[in-house]
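Visitor: Can you walk me through the pockets here? Put the model up and I'll ask as we go.

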Amino acid sequence: MAHSEIPAIALSDGHTIPQIGFGTYKLEGAEAERAVTKALEIGYRHFDTAAFYGNEEAVGRALAASGIPREELFVTTKLWNDRHADPERALAESLERLGLDHVDLYLIHWPCPAQDRYLNVWDYFQQAQREGLATSIGVSNFLPQHLERLLSESDAAPVIDQIEVHPAYQRREDIEFLRDHEVAVEAWGPLGQGKYPLLEEQAIIDAAEAHDKTPGQVVVRWHAQQGRILFPKSAHTERIRQNLDVFDFELSETEMAALGALDRGTEGRVGPDPSEMEP
Ligand code: NAD
């Protein structure tokens, strides 16, 4: 699909982000380079990486080799938990590994509340934005209590919170809080990371059969239809292609409700508890 057909989501700072991107967690070295190159060929222009993933160099190499103009790309990276004391150096190192002079979005990867440095980190993120090193700034894995504190102590609101969301872990209250504060939701682990057999749920299989799509595409569409930003990860060309090919069908209200009924609350969570995650 042509990248111009991927919807752009407006952020509260006036910038936009392609709704569907390519996730790179667990892709490293030559495999990461190959997958990003393939994703670019297929039409992805938005890439989600992090210092923690150890693949910023590989992602940067693939982006550079594509010859696609920088302004057509949207690149996100994240500050890892052990760098809350020196975010300025950490961002400089990420940019060097990526081979870029700025990222489109820089995120605090986890709040690390016991470390209690995220307010200072957020001050630095605003400086990085003023200096043009990060066009937009946001957070990841922040719960409402962390965001409430950030919003009350700072003039600048994060434009995005990147959080675990998928049909087995829907977080309706957290998402309502984000909507009320104009913080856009990025869903990580949108397919449940394959850890829980989410794609074998009958409601998902039924919708896939009804629309002649795969279960993965139904779940990507379910997120997109709710206005969320997401970046499924795959190393397989056919799945990379499928995950972007979700704009030619629509799930009915009944199908949306059937997926809505798959919520298992915190039992469905596949990642760590953000209150407890520390370096
Ligand atoms: P995901 O939900 O995207 O699942 C990825 C797995 O799903 C792959 O291993 C693949 O086996 C399978 N898959 C992909 N496409 C499929 C399809 N069409 N059909 C069937 N199976 C398919 O999990 P993820 O990679 O953890 O999340 C996506 C991205 O979110 C990551 O790559 C990363 O960029 C980001 N992320 C962020 C955080 C954070 O703390 N901020 C944490 C985890 C992931």
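Visitor: How does the lining of the largest pocket divide by class?

Guide: The lining has 19 nonpolar, 16 polar and five charged residues. Here Ala, Val, Leu, Ile, Met, Phe, Trp, Tyr, Cys and Pro count as nonpolar, Asp, Glu, Lys and Arg as charged, and the others, Gly among them, as polar. This is a predicted model: local features need pLDDT of at least 70, side-chain atom pairs pLDDT 80 or more, while totals for chains, interfaces and linings use all residues. Residues are numbered from 1 along each chain as its sequence is written, and side-chain values use heavy atoms, without hydrogens and water.

Visitor: Which element gives the largest share of that lining?

Guide: α9, with three residues. Helices are DSSP runs of H or I, at least four residues, numbered from the N terminus.

Visitor: OK, the ligand. Which residues come nearest?

Guide: Asp48, Ser140, Leu191, Gln193 and Asn243, out of 24 residues around the ligand. "Around" is a heavy atom within 4 Å.

Visitor: Where do N or O atoms approach ligand oxygens?

Guide: A backbone N or O atom of Leu191 is 2.7 Å from a ligand oxygen. For Lys233, a backbone N or O atom is at 3.2 Å from a ligand oxygen. His109 uses a side-chain N or O atom, 3.3 Å from a ligand oxygen. The cut-off for such N or O pairs is 3.5 Å.

Visitor: And the shell by class?

Guide: Nine nonpolar, twelve polar and three charged residues. Helix α9 (residues 237-244) gives the largest share of the shell, three residues.

Notes. Polar contact = N/O pair within 3.5 Å; in protein donor to acceptor, adjacent residues only side chain to side chain. Helix = DSSP H or I, 4+ residues; strand = E, 2+ residues; numbered from the N terminus.
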